[in-house]
Amino acid sequence: MAADISEFTPLNIAVLTVSDSRGAADDSSGDYLASALTDAGHQLADRALCADNLFRVRAQVSQWIVDESVQVVLINGGTGFNEQNRVPEAVGVLFERTVQGFGEMFRQLSFAEIKGSAMQSRALAGLANRTLICCLPGSTGACQLGWEKLIRDQLDVRTRPCNFATQLIR
């Protein structure tokens, strides 16, 4: 089905917080993403919080990938460079296509704020079963940066010269 590119088309977006230390009561990054996506006119399709366990993360994301009502998955947390962070290994194998520029651009934007520490970010994105999956660091500031500078406009069919939204509409 072709989308009318002259009008905003809301997408169904799931938010996954990956953390071994946060709970629902103190998930400020997940709260930010849920609020930001609804403020932009999208629908919060689902929200979950799980431990940074390769198989739990992969299982949750896989569930959303096969759910035709979910068009985007936003993951926060688990992308750092220490041994406990397993999100890139958990979801990278699920991608049919990797969005190479996402991680590159995120690190470039982060460099302006956190200098050389940006190189330790393993932010990544990809497409699987017509679902866009974006993996961001767990800090609220990193989620704001990723949403405002990279993700928000790419989820709007009116963004030119191209956007991801038109590829996700079923």
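Author: Before we start, a bit of vocabulary: a helix here is a DSSP run of H or I with at least four residues, a strand is a run of E with at least two, and both are numbered from the N terminus. Keep in mind, too, that this is a predicted model.

Reader: Got it. Where do I begin with empty space, and how much lies in the largest pocket?

Author: The general idea first: rolling a probe the size of a water molecule over the atoms shows where empty space is left. In this model, the largest pocket holds about 380 Å³. It has 26 lining residues, and those closest to its centre are Thr79, Gly80, Pro137, Gly138 and Ser139.

Reader: Which elements give two or more residues to that lining?

Author: Helix H4 (100-114) and helix H5 (140-154) do. H4 has the largest share, with four residues.

Reader: And how do the residues of that lining divide by class?

Author: You get 14 polar, seven nonpolar and five charged.

Reader: Now the second largest pocket: how much space lies there?

Author: About 160 Å³. Among the residues lining this second pocket are Val99, Phe102, Met105, Leu132, Ile151 and Phe164. H4 and H5 turn up again as elements giving two or more residues, along with strand E6 (131-136).

Reader: Which element has the largest share of the second pocket's lining?

Author: H5, with four residues.

Reader: What classes does the lining of the second largest pocket have?

Author: Nine residues are nonpolar, two are polar and one is charged. Lys149 is on the list of lining residues, as is Gln154.

Key
Residues are numbered from 1 along each chain as its sequence is written. This is a predicted model: local features need pLDDT of at least 70, side-chain atom pairs count only at pLDDT 80 or more; totals for chains, interfaces and linings use all residues. Side-chain values use heavy atoms; hydrogens and water are left out. On a 1 Å grid over the protein atoms alone, a cavity is a set of points where a 1.4 Å probe fits but cannot get out, and a pocket is an open set with protein on both sides within 12 Å along at least five of seven lines; lining residues have an atom within 4 Å of a point. Grid points are joined across faces, edges and corners, and a volume is the space filled by probe spheres set on the points. Ala, Val, Leu, Ile, Met, Phe, Trp, Tyr, Cys and Pro count as nonpolar, Asp, Glu, Lys and Arg as charged, and the others, Gly among them, as polar.
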